[in-house]
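Subject: Structure handover, chain B

Hi,

Here is the structure I promised to pass on. Please open it alongside this note.

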Amino acid sequence: MITYDDEVVCAPRAGTLYDVLELILDRGMVIDVFVRVSLVGIEILKVDARIVVASVDTYLRFAEACNRLDLEHDVRSKTVPEMFGSPVAKTVGKAGARRTARSLTDKVRDVLTPEHEEEAEAEAEPTARPRERAERGRSPQRARGRTAARPRDEDDRPRSRPRRRTDEEDR
Amino acid sequence: MTAPATTDTAADTAADTAVSPDAPAPAPKAALYVYGIAPAGIRAPRAPGVDGAPVRLLTESGLCAAVSDAPPRLRPRRRDLLAHQAVLAELAARGPVLPMRFAVLSPRSDTLLSQLRSDCQHLTTQLEGVRGCVELNVKGTVVPGHFADLVRRDDRLRGLALRTRRRPDYEANVRLGEAIALGVRREARRAAREVVDRLAPLAVRMAGGTTDDEQVLSTSFLLRSADETRFREAVAALARTCGDRLALSVTGPLPCYSFVDPCPASPAGR
C-alpha cells in the first residue's frame, strides 16, 4: 500500500537547511532509553534565531518611504500598482532584511560550521550570494526548483531569523 | 565515505592483533547514532550518515532502526544536519519512517534492539499512522511592500502619516514606522490564517511551528502522497491571491518529523 512512486520522490527535494532546521532540531522522536546529546551550539542557534533585530531601523525605513508617498492628492479609489513596483517600496523591505540577514547569517554560520569548514564556506560565497538575493522574492514554487542534483554548499546556508514574537501580540 | 562494514572490521582486527604500544586501547563498543525507525525489510540508505559514517539497519521484531557509529564528538555542523536529513529522506522515499530528532544516540546496540522489541506495538502503530503520507511545511513571510496600500486604505495610518509629514521629527517617524510595521504584519497574519484555513481540508493532520515578526506562518501538513500535487496547486493559488501581503513557500516532501509522537513519557524534551 506504499504509494510513493519514483517520480514523486525524485522531483522536489527537501528545502534548504534553513527551511528544515526547526524540524530537525525540535520535532521528530526522542526515545527515553536513548540519549539526546546536548549540543553546544544548538542553544546558540535558537537564541540567534530569536535575536532582537534593530526594529527602530526598520521603522525609520518605513517612515521614510511613507513620507515619499503622495498622500495629499490621493484618493482611496486610486490603485497603487506603481508603489508595489517602485524602487521605494522594494528597497524598504529588502535593505533592512538583507542587512540583518547578513550579520545574523554569519553568526548562525559560525555555529553551524566551526573550524575547518570555514574555508569551504568562503569558496562557496561568491556563487551563493547572488542566488540568495534572487530568492528573496520568494515564490511559492521556490522549493520545487531545488533538486538533489544541486550542490549542497551553494544553497544550504541558513538564512536569518529576525526576532520572534507570539502571534497574540499583534492581534 | 561509504566504506563497507567489512573494511571496518578488518581494520579493527588488524589493530587488535598488531599490539603496538602507542595503539589506542580498543574502544568500548561505540554508541550508535539513530536516524529513524522503519518497518523491517527495507534497503539500507546509501547516503552517508553523520560524520560520513555508513548507515546500516538493525532489525528486531519486524522493525528496523537506521543507525551509524556515533562520531566521537557530535556537533550541529551543517553537513551533519544535512546528512541526518538526507538519510531520513532516503528512508522516507521507500516507505513509512519515524524520524528521530537530530543527535539522538543509543548507548549500545542491544539497548536499541530491546527498545524496538518492547515498544514494538507503539512504534508499529505510529508507522501505520504515517504510511503513505508526507510532510509539507508551508512558510509565509511578511511582504513589506504592502505598506503603501495599507497607508492609503487605513484612515488612522494615513492620518498619522500626514501629521508626521507636517511635523517631522525622529520620534514621530519612529512612531509612524512602528505603526506601519505593525499593520503590515497584522495583514500578513490575517492572510496566514486564511491560508491555513484553506489548506487544512487537504491535510490529514497539521502542526503549527514557531512564528516571528518576519515569518508569520510556519505550519506543517501531513498529506497523503496522492494529494501532494493538489496541495501544491492550492498553495500556488493562495500565493496569487494573498501574495501582496504574504509570500508563501513550500518545503517537502519531508519525513514526517512533525507527526510522530515525540516520545511517551520522555523527560528529555527539547
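Below is what I found in chain B, element by element.

Please keep in mind that this is a predicted model.

**Overall**

Chain B has eight helices and nine strands. It runs to 270 residues, and 46% of them are buried. Take the contacts with a separation of 6 or more: 73% of them link residues 24 or more positions apart.

**The sheet around E1 and E3**

Start with strand E1(B), residues 32-39. Seven of its eight residues are buried, so the strand is mostly covered. E1(B) has several pairings to look at.

- With E3(B), residues 63-69, E1(B) runs antiparallel and shares seven bridges. B:Ile37 is the bridge partner of B:Ala65 in E3(B). B:Tyr33 has B:Ser68 of E3(B) as its bridge partner.
- With E4(B), residues 98-99, the pairing is antiparallel, over two bridges. Here B:Ile37 has B:Leu98 as its bridge partner.
- With E5(B), residues 104-106, the pairing is again antiparallel, over two bridges. B:Leu32 is matched with B:Ser106.

B:Ile37 is therefore worth a look: its bridge partners include B:Ala65 in E3(B) and B:Leu98 in E4(B).

How many residues of E3(B) are buried? Six of the seven, so the strand is largely enclosed by the rest of the structure. E3(B) also takes part in an antiparallel pairing with E2(B), residues 56-60, and five bridges join the two. In that pairing B:Leu57 is the bridge partner of B:Ala66.

**Two positive phi values**

E2(B) and E3(B) form a hairpin with two residues between the strands. B:Ser61 sits in that loop. Its phi is near 50°, which is positive although the residue is not glycine. Is B:Ser61 buried or partly exposed? It has 16 C-beta neighbours inside 10 Å, so it counts as partly exposed.

B:Ala103 is another non-glycine residue with a positive phi, near 75°. It lies in the loop between E4 and E5 of chain B. B:Ala103 has 24 other C-beta atoms within 10 Å, so it is buried. The cut-off for buried is 20 or more.

**The four-stranded sheet**

Now the open sheet with strand order E7-E8-E6-E9 in chain B. It has four strands, and the pairing is antiparallel. Which strands stand at the edges? They are E7 (205-208) and E9 (246-254) of chain B. Each has a single partner strand, so one side of each is left without a neighbour in the sheet. On average, neighbouring strands of this sheet are turned by 20° against each other, direction ignored.

Strand E7(B) pairs with E8(B), residues 215-224, through four bridges in the antiparallel sense. In this pair, B:Gly208 stands opposite B:Thr219.

Helix H7(B) packs on the sheet. It touches E6 (133-142), E8 and E9 of chain B. The direction of H7(B) makes about 5° with that of E8(B).

Edge strand E9(B) also holds a cis peptide bond. The bond joins B:Gly252 and B:Pro253, with omega about 0°. B:Pro253 is placed in E9(B).

**The H7-H8 pair**

H7(B) covers residues 170-199, and H8(B) covers residues 228-242. The two helices pack at an angle of about 155°, with their axes 11 Å apart. That angle makes H7(B) roughly antiparallel to H8(B). The crossing of H7(B) past H8(B) is right-handed.

Which residues make the contact? From H7(B) they are B:Ala191, B:Glu194, B:Val195, B:Arg198 and B:Leu199. From H8(B) they are B:Phe231, B:Ala234, B:Val235, B:Leu238 and B:Cys242. Eight of the contact residues are nonpolar, none is polar and two are charged.

**Where to look**

If you are short of time, I would open three places. One is E1(B), with its seven buried residues out of eight. Another is the cis bond between B:Gly252 and B:Pro253. The last is H7(B), which packs on the sheet and also against H8(B).

Best wishes

Notes:
Residues are numbered from 1 along each chain as its sequence is written. Chains are lettered from A and ligands numbered from 1 in the order in which they are written. This is a predicted model: local features need pLDDT of at least 70, side-chain atom pairs count only at pLDDT 80 or more; totals for chains, interfaces and linings use all residues. A residue is buried if 20 or more other C-beta atoms lie within 10 Å of its own, exposed if 12 or fewer, and partly exposed in between; C-beta atoms are placed from the backbone. Two residues are in contact if their C-beta atoms, placed from the backbone, lie within 7 Å. Axes are lines fitted to C-alpha atoms, for helices over the stretch in contact, and angles run from 0 to 180 degrees between N-to-C directions. Angles under 35 degrees count as roughly parallel, over 145 as roughly antiparallel, 65 to 115 as roughly perpendicular and the rest as oblique. A crossing is left-handed if the near helix is turned anticlockwise from the far one by less than a right angle, and right-handed if clockwise. Ala, Val, Leu, Ile, Met, Phe, Trp, Tyr, Cys and Pro count as nonpolar, Asp, Glu, Lys and Arg as charged, and the others, Gly among them, as polar.
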